[in-house]
Amino acid sequence: MPMSKSRPPKIGTTLIECDAFDFEFLSEIARRESWRKELHRPVYHVHKWWANRLGSVFRGIILGAVLPQDAALKDHFYKQYRFTGRRILDPFMGSGTTVGEAYKLGFTAFGQDINPVACESVRVALGEIDAKHVQAAFSHLDTGVGQHIRALYTTKDANGILCDVLYYFWVKVVACPYCGERTDLFPTRIFARNANPLHRPEVHVCCPGCGDVFKIGHAGEQCKCPRCGVRFAPDTGEVSGMNATCRACHRQFPIAKTVRASATPPDHRLYAKLVLTPSGRKTYLAATEDDRHAYEQCSRTLDAELSAGAIRIPETPLEDGHNTRQAIGYNYRQWRQFFNNRQLLTLGWLQRAIAEIPERPTRDLLLTLFSGLLEFNNLFTSYKGEGTGAVRHMFSHHILKPERMPIEANVWGTPRSSGSFLNLFNSRLMRAIEYRKNPFELNASTGEKVYGINREFVGHLVTGFPSDGRIQTDAIYIACGSSDTISLPDKSIDAVITDPPFFDNVHYSELADFFYAWQKLYPRGFVNGSSTTRHASEVQDADAREFSGKLSTVLRESARVLRDDGLLIFTYHHSRPDGWSSLLSAIVRAGLSVVNCHPVKAEMSVAAPKAQAKEPIQLDAIIVCRKAAQDPRDACSPSAAIAAAERRAREKIERLRAAGLVISRNDCRVVLMGQLLAELCPQPRESDAGDLLMPISEEIDRILEAMAEHEKKRDPALRPSSGTHTQMQLPFA
Ligand SMILES: C[S@@+](CC[C@H](N)C(=O)[O-])C[C@H]1O[C@@H](n2cnc3c(N)ncnc32)[C@H](O)[C@@H]1O
Ligand SMILES: [Zn+2]
Ligand SMILES: [Zn+2]
């Protein structure tokens with residue numbers, strides 16, 4: 001790889017504005033990064049954030065925004081650039097992908113986000129870190145609070161030998177509305193299977209007769225309990241769909257309604273554990289009376305600690321919202337109810353011990369790591385099985401979905417645990433610290449790490465934007481608040497590069513409140529005493545007009561701080577027409593004009609609405625805008641625009657095809673709508689974008705249909721009836 005220090009070209013007519021922009025190359029690296037993005041860009045993964053974008057795509061966008069038209073992206077991607085004195089802003093910063101990538105290339109980076117959980121994560125991950133202090137603080141915790149916590153995750157095996165508990169297995173329990181009998185809510189009696197059942201088909205089951213746990217050869221077979229002789233079908237339980245059957249009176253009852261009628265969330269019963277013997281063997285065992293007594297003892301200690309005011313736990317109530325409604329329907333009213341008493345006790349101890357660390361940056365960093373731990377240690381998690389990260393965290397759905405068979409992991413952990421503090425310390429924090437010292441890129445063809453080209457993260461991070469206009473070129477500036485107001489002077493930014501929320505039902509703040517409820521117990525940095533991270537100006541709305549209006553306000557403010565000849569670039573995708581009309585409307589009302597648009601490999605959307613289930617989106621549109629006044633083109637009629645957009649979309653799809661991507665119907669939409677936006681611009685400011693798309697909506701559908709049919713013929717696997725998900729082929733592997 002060439003590593004010469006090059007002079008940055010002048011911002012003017014740039015590479016990303018032309019079709020020569022090599023989005024195929026970028027897609028190739030994006031695919032590599034997306035396999036394990038937390039390994040490839042660990043600095044953006046110190047804490048959970050949603051819609052975490054691929055760093056290499058943003059590096060490519062940034063370079064495209066400054067390189068001249070005739071530059072080849074693949075040649076410049078691995079060069080050592082320092083764009084000193086140039087400024088990049090991300091008004092929807094999230095986990096800090098744009099600011100980090102801009103900083104690595106020598107820019108002065110400005111990031112703003114409305115959510116304090118996101119801002120605090122970026123503050124500690126990119127701010128001051130002393131690795132020696134962090135390591136020393138961790139060792140201190142390990143021999144102190146770590147020992148106390150580990151002691152609560154011990155048990156005896158069948159031979160009376162003391163073992164560590166890796167996981168406790170719980171099942172939800174409700175009282176039968178007819179006879180009052182406590183009924184387990186097992187949808188299946190299988191509680192553990194290997195992540196790779198083809199190689200390891202054996203499963204572990206819990207007997208409905210005596211509660212013993214044992215192993216059977218595979219999930220399908222009828223089995224007989226070796227202890228009590230009961231025969232049962234292992235993959236059925238008391239629960240079938242939304243109903244449960246009482247084991248005492250055999251009557252069926254609706255689960256949700258029964259839970260709602262009681263005043264509290266469902267109770268839980270401890271039935272099994274996975275232990276690690278001193279010789280290092282993992283064994284599944286039934287929970288014993290001693291285990292239940294040990295748990296009760298934790299409950300008593302928790303009460304005592306709380307009455308003495310010795311620990312803090314999150315008493316904040318859950319507020320109604322799209323993402324919290326299902327949990328509230330199960331009577332979860334306070335965040336503390338998401339945890340069992342042992343989890344509250346050990347998490348409370350751990351957070352207190354971290355809060356006592358005298359050195360501030362280390363303390364704040366470890367408090368954020370602690371917050372990330374919560375995702376794996378609550379009653380909304382489940383067991384993925386062995387052979388993978390064993391804990392399925394609570395956000396594998398974008399709603400808070402009560403889990404019928406939750407798993408309780410060892411909070412401090414052993415070297416064989418997943419989702420533990422010990423585990424996250426190594427997998428998240430140590431990796432991030434390593435990356436900061438020597439940030440690398442991935443070689444697109446071999447996947448090898450390319451070192452020695454990026455600026456090292458030295459932790460020079462400033463909170464708040466400089467009000468006096470005096471900007472330190474080697475700093476990262478972070479502000480928390482709605483980007484409908486950005487405290488920067490007019491025309492002070494060279495490029496705005498961002499990733500706005502999509503128009504869907506994921507409210508980051510509703511989910512982030514789960515973390516914030518704990519974080520706010522120890523205020524610091526961007527974490528203050530407020531009870532929620534929700535905000536009226538958060539760009540998110542189930543209503544397209546509202547969404548578009550809020551997005552437009554942020555885009556307009558971003559355009560204000562952008563120099564007149566600067567680019568505003570963002571990534572976007574959507575599977576519905578109103579997702580695009582609301583976007584176009586926001587762009588036009590912000591006084592912007594789309595000058596080009598490129599498809600690029602994105603990650604699969606996790607919060608896939610139904611429309612995407614069979615035709616998943618694997619592409620993002622990189623939407624390149626200039627201020628409308630700077631766009632010399634004449635406005636184009638919708639009919640002329642759609643004809644041109646179809647031609648250009650087909651060309652770009654061909655390029656993706658040649659690079660080995662398989663294109664779904666929704667991908668066709670992303671490419672076509674992106675091109676259409678570019679063809680429809682510039683538009684007079686007062687025009688309503690909805691009106692622009694309306695007359696050509698049938699034409700759009702017809703073209704999409706034809707494009708999707710064409711793609712399907714090339715790939716029979718894409719036919720919806722086959723149920724096969726769209727996937728990228730692996731020509732570069
Ligand atoms: C799609 S995410 C950005 C993710 C980011 N690119 C990353 O890789 O992590 C959108 C972000 O916009 C933030 N946001 C929503 N409304 C906002 C507003 N009015 N001002 C600033 N940030 C806002 C959300 O909190 C969220 O972090
Ligand atoms: Zn009953
Ligand atoms: Zn039995």
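Helix 15, which runs over residues 508-519 of this predicted model, has 12 residues and reaches 16 Å from its first C-alpha to its last, close to the 16 Å expected at 1.5 Å a residue. Of the 12 residues of helix 15, 12 are buried, so the helix is largely enclosed by the rest of the structure. Among these buried residues are aromatic names such as Tyr508, Phe514, Phe515, Tyr516 and Trp518, and the list also includes Ser509, Glu510, Asp513 and Gln519. What do the buried residues of helix 15 pack against? They pack against helix 6 (116-126), helix 12 (341-355) and helix 13 (360-373).

**The chain as a whole**

The protein chain that holds this helix contains 22 helices and 26 strands. With 733 residues, a compact globule would have a radius of gyration near 27 Å, and the protein chain has 27 Å, which agrees. The C-alpha trace spans about 80 × 60 × 45 Å along its principal axes. Buried residues make up 60% of the 733 residues, and among the contacts with a separation of 6 or more, 73% are accounted for by residues 24 or more positions apart.

**Two zinc sites**

Which residues coordinate the zinc ion (ligand 2)? The donors are the SG atoms of Cys176, Cys179, Cys246 and Cys249, at 2.3 Å from the ion. The angles among these four donor atoms run from 102 to 119 degrees, and the site of the zinc ion (ligand 2) is tetrahedral. The zinc ion (ligand 3) is coordinated by the SG atoms of Cys207, Cys210, Cys225 and Cys228, at 2.2 to 2.3 Å. The site of the zinc ion (ligand 3) is tetrahedral too, with angles of 103 to 116 degrees among its four donor atoms.

Along the chain, the donors of the zinc ion (ligand 2) follow the spacing C-x2-C-x66-C-x2-C, whereas those of the zinc ion (ligand 3) are spaced C-x2-C-x14-C-x2-C. The relative accessible areas of several of these cysteines are set out below.

| Residue | Relative accessible area | Class |
|---|---|---|
| Cys179 | 39% | partly exposed |
| Cys246 | 1% | buried |
| Cys249 | 26% | partly exposed |
| Cys207 | 2% | buried |
| Cys210 | 27% | partly exposed |

Cys246, at 1% relative accessibility, counts as buried because it falls under the 20% cut-off, and Cys179, at 39%, is partly exposed because its value lies between 20% and 50%. A disulfide is a covalent bond between the sulfur atoms of two cysteines. How many disulfides are counted when a pair of cysteine sulfur atoms must lie within 2.5 Å? By this rule the count comes to zero disulfides.

**A cysteine in helix 20 and a histidine in a loop**

Cys668 lies in helix 20, which covers residues 665-680, and with 0% relative accessibility Cys668 counts as buried. Leaving aside residues up to four places away in sequence, Cys668 touches Ile653, Ile663, Leu704, Met707, Ala708 and Glu711. The C-alpha atoms of Cys668 and His322 are separated by 29 Å, and the two residues are 346 residues apart along the chain.

Is His45 buried or exposed? His45, which is found in the loop between helix 2 (37-40) and helix 3 (55-66), is buried, with a relative accessible area of 14%. With residues up to four places away in sequence again not counted, His45 touches Lys37, Glu38, Asn52 and Arg428.

**Backbone details**

Most residues other than glycine have a negative phi, and most peptide bonds are trans. Against that background, a cis peptide bond joins Cys681 and Pro682, with an omega of about -5 degrees, and Pro682 is found in the loop between helix 20 and helix 21 (689-693).

Asn331 is not a glycine, yet it has a positive phi of about 70 degrees. Asn331 has its place in the loop between helix 11 (325-329) and helix 12, and it is buried, with a relative accessible area of 5%. Lys491 likewise has a positive phi, near 55 degrees, in a residue other than glycine. Lys491 lies in the loop between strand 22 (476-480) and strand 23 (493-498), and it is partly exposed, with a relative accessible area of 48%.

Methods. Residues numbered from 1 in each chain as written. Chains lettered and ligands numbered in written order. Predicted model: local features only at pLDDT ≥ 70, side-chain atom pairs only at ≥ 80, totals over all residues. Heavy atoms only, no water. Donors = N, O, S within 2.8 Å, 3.2 Å for Na, K, Ca; no water. Tetrahedral: all angles 85-135°; square planar, octahedral: opposite > 155°, others 65-115°. Buried < 20%, exposed > 50% of the residue type's maximum accessible area, 1.4 Å probe, protein only. Disulfide = S-S within 2.5 Å. Helix = DSSP H or I, 4+ residues; strand = E, 2+ residues; numbered from the N terminus. Expected span 1.5 Å × (residues − 1). Contact = heavy atoms within 4.5 Å. Rg over C-alpha atoms; globule rule 2.2 N^0.38 Å.
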